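Me: Got a minute to go through this one with me? I'd like to talk about the ligand and the pockets.

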Amino acid sequence: MTTTTTAAGESIWLFGYGSLIYKVDFPYLERRRARLQGWARRFWQGSHDHRGTPEAPGRVVTLVAEPGAVCVGMAYRVTPAVFAHLDHREKNGYRRIAADFRFDDGSEVRGVVYVAAPGNEAYLGPADEEAIARHIAGARGPSGANRDYLLALAEALRELGSDDAHVFGIEDVLRRIGDGTTD
Ligand code: BEZ
């Protein structure tokens, strides 16, 4: 990955595609909308520690390699010290990997992204959007309702101008369930 040395020291770009878009509880030097090619955002990762429990995991996003896919997110230029906090916050099956992402002006940078790969201890894998929405509707953990995570992410993606059919499809079902117009 590319590290840049500034007056403030070394910095690294981090690509955020989930809660890092809307829950920014870490300092950053710069923030820019970015796109990651070849990866899709999917609610395929279990959450034992934030939006669920080990006995009743919630569902949160990870990235899945998918040729032709483009994931829109927010990139942050951070100092390495920030990872002590984020590695702890995102410890439930996620690993940092190197990735190349592109900014709106067409420039590209090599940075890092957290990915929860298949086979990690909390991985749940694919399910259809109806089943994922129903799962999310019933889950809750120390960070709050799983539903609130999904709705906050969907809102943040609308603000970013991302047309994420997977997330918005789950949101639609979840809102219908909430309105009592399904079942
Ligand atoms: C993110 O928003 O990039 C993110 C999602 C899940 C775990 C870690 C980071």
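Reply: Sure. One bit of wording before we start: Ala, Val, Leu, Ile, Met, Phe, Trp, Tyr, Cys and Pro count as nonpolar, Asp, Glu, Lys and Arg as charged, and the others, Gly among them, as polar. Also, keep in mind that this is a predicted model.

Me: OK, so how do the residues of the shell around the ligand divide by class?

Reply: There are six nonpolar, three polar and one charged in that shell.

Me: And which residues are they, the ones that surround the ligand?

Reply: Phe15, Gly16, Tyr17, Gly18, Ser19 and Leu20, then Val61, Glu90, Tyr94 and Tyr114.

Me: What does the backbone of Gly18 do there, how far is its polar atom from a ligand oxygen?

Reply: That polar backbone atom of Gly18 and the ligand oxygen are 2.6 Å apart. Tyr17 also has a backbone N or O atom 2.9 Å from an oxygen of the ligand, and for Ser19 the corresponding backbone distance is 3.2 Å.

Me: How much of the ligand does the protein bury?

Reply: The protein buries 99% of the 260 Å² that the ligand exposes when taken alone.

Me: Which elements give two or more residues to the shell around the ligand?

Reply: Those are strand E2 (9-16) and helix H1 (19-22).

Me: Where does the ligand sit, pocket-wise?

Reply: In the largest pocket. The volume of that pocket is about 300 Å³. It has 21 lining residues, and Ser19, Arg89, Glu90, Tyr94 and Tyr149 are the closest to its centre.

Me: Which element supplies the largest share of that lining?

Reply: H1 does, with three residues of the lining of the largest pocket. Strand E3 (30-47) and strand E4 (58-78), like H1, each supply at least two. By class, the lining of the largest pocket has nine nonpolar, seven polar and five charged residues.

Me: Switching topic: how much space lies in the second largest pocket?

Reply: About 180 Å³. That second largest pocket has 14 lining residues, with Val70, Cys71, Asp163, Asp164 and Ala165 nearest its centre.

Me: And which elements give two or more residues to its lining?

Reply: E3, E4 and helix H5 (165-179) do that for the second largest pocket. E4 has the largest share there, five residues.

Me: Last one: how does the lining of the second largest pocket split by class?

Reply: Seven of its lining residues are nonpolar, two are polar and five are charged.

Note on methods
Residues are numbered from 1 along each chain as its sequence is written. This is a predicted model: local features need pLDDT of at least 70, side-chain atom pairs count only at pLDDT 80 or more; totals for chains, interfaces and linings use all residues. Side-chain values use heavy atoms; hydrogens and water are left out. A residue is near a molecule or strand if one of its heavy atoms lies within 4 Å of it. A polar contact is a pair of N or O atoms within 3.5 Å; within protein, one must be able to donate a hydrogen and the other to accept it, and residues adjacent in sequence count only if both atoms are side-chain atoms. Accessible areas come from the Shrake-Rupley method with a 1.4 Å probe; for residues, only the protein chains shown count as cover. On a 1 Å grid over the protein atoms alone, a cavity is a set of points where a 1.4 Å probe fits but cannot get out, and a pocket is an open set with protein on both sides within 12 Å along at least five of seven lines; lining residues have an atom within 4 Å of a point. A molecule sits in a cavity or pocket if more than half of its atoms lie within 2 Å of its grid points. Helices (H or I, at least four residues) and strands (E, at least two) are DSSP runs, numbered from the N terminus. Grid points are joined across faces, edges and corners, and a volume is the space filled by probe spheres set on the points.
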